[in-house]
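Subject: Structure handover

Hello,

Here is the structure I promised to pass on. Please open it first, then read my notes below.

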Amino acid sequence: MKPHNFENNLQTYNNPSDYDSLYAHYQDDLHYIQRYLGTKKDPIIELACGTGRIAIPLAARGIPVFGIDLHEGMIQHGIEKAKKQDVEVQFIVQDCTQLQLPITTKFMYMTGNSFQHFLTNDSQNALLQSVKKHLQPGGEFLFDTRNAILSELSSIDEYEEQTVTRNGEQRFTFHREEYDPVTQILTCHAVHQQDEKTYGDSILLRYTYPMEMMRLLQQNGFELVHLYGTWQKHEFRAHSPSMIIHVRSR
C-alpha cells in the first residue's frame, strides 16, 4: 500500500495559535473520552493530536498520553502549552499511517474529523493497520468523521465568516467548498483578510459512507463497539452531523 502524502494538505494548520483560538473551547469529544476512561490511568495514544487540546487535560489527570501529529509546528505549540501548564505529554512527530511508537495501548483515539485527511483507500487501510499494530489484544480505537449528507454536498457552498484571532484582531474569511462525488473529496478554499493582509489556504477532505466504513473496519480487523451521530451519544441517523466510531481490535 502507498500511504498518502500529507505534506501538501496541511496549510490550514500553519498558524497553531489561530487554530487554538478557533477550537480551544470545544470539549464534546474530550468529555466523551473522560467518561470512557473513568479512573483508568493506563497509557493512551492520541493520533493527529494537534496542539494538545485533548492530550493536555487528560495528562493533567495523571494519564500517560502519547500525542502524535505530522505537523511539527502544531506539535511544538503543544509542547509549549504543556510546559506552561506543568503537564507532561509525550509529543511525537510521526505519520499516523507509519507509526513506530515505543508502546502498545488498550485505547487510542483520533478526533477533530482527522480521519478525513486520509484521502485514498490505501491511506485509510494503512492508518487502520498502523493503529492495530499499536493496540493490545482487544484494544479499542475511537474516532470521528463528518457524515456525508448529500443535500449539503450537492452544490458549491460559498460563505463568509468573521472571527477574532488570539491577538484580538478581526479576520474575515471567504470560503468556497466543492464536493467531487467520484473521489468523495471536498475541496475547501479559504481567503483570509486580516490587518490589511490577504492570504489563502486550502484543504482536501475525504467523506466515507456508513456501509463503506463498516466494511473498511471489518476488513482491517476491527469490530464495532458503538456508532453514534454526535459526541453526546445520539443515535446515528441519515442526517447526523457525524459518525462517532468506537471499535475494538479483533
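A term to start with: buried means under 20% relative accessible area, exposed means over 50%, and partly exposed lies in between (1.4 Å probe, protein chains only). By that scale R176 is partly exposed, at 29% relative accessibility.

Some ground rules. This is a predicted model, in which local features need pLDDT of at least 70 and side-chain atom pairs count only at pLDDT 80 or more, while totals for chains, interfaces and linings use all residues. Residues are numbered from 1 along each chain as its sequence is written, and side-chain values use heavy atoms, with hydrogens and water left out.

Salt bridges

A salt bridge here is a side-chain nitrogen of Lys or Arg within 4 Å of a carboxyl oxygen of Asp or Glu. The whole structure has eight of them. One joins E158 and R176, with N to O at 3.1 Å. This pair links distant parts of the chain: E158 sits in strand 6 (residues 157–164) and R176 in strand 7 (residues 170–180), 18 residues apart. Strands (E, at least two residues) and helices (H or I, at least four) are DSSP runs, numbered from the N terminus. E158 is partly exposed, at 47%.

R176 also bridges to E178, with the closest N and O atoms 3.1 Å apart. E178 is partly exposed too, at 36%.

Next, E212 and R206 form a salt bridge, at 3.0 Å between the closest N and O atoms. Is R206 buried or exposed? R206 is buried, with a relative accessible area of 5%. Its partner E212 is partly exposed, at 27%. Elsewhere, E140, E223 and R248 are joined into one network by salt bridges that share partners.

Cysteines

A disulfide is a pair of cysteine sulfur atoms within 2.5 Å. The count is zero. Why is C96 without a bond? The closest cysteine sulfur, in C49, is 8.3 Å from that of C96, too far for a bond. C96 is buried, at 8% relative accessibility. C188 is in no disulfide either; the nearest cysteine sulfur, that of C96, is 20 Å away. C188 is also buried, at 11%.

Helix 2

Helix 2 covers residues 28–37, and its buried residues are D29, L30, Y32, I33 and L37. They lie on the same side of helix 2, because they cover an arc of only 160° around the axis. That arc is taken from the directions from the helix axis to the C-beta atoms. Among the elements covering them are strand 1 (44–47) and helix 3 (55–60), where contact means heavy atoms within 4.5 Å. After helix 2 comes G38, with a positive phi near 60°.

Best wishes
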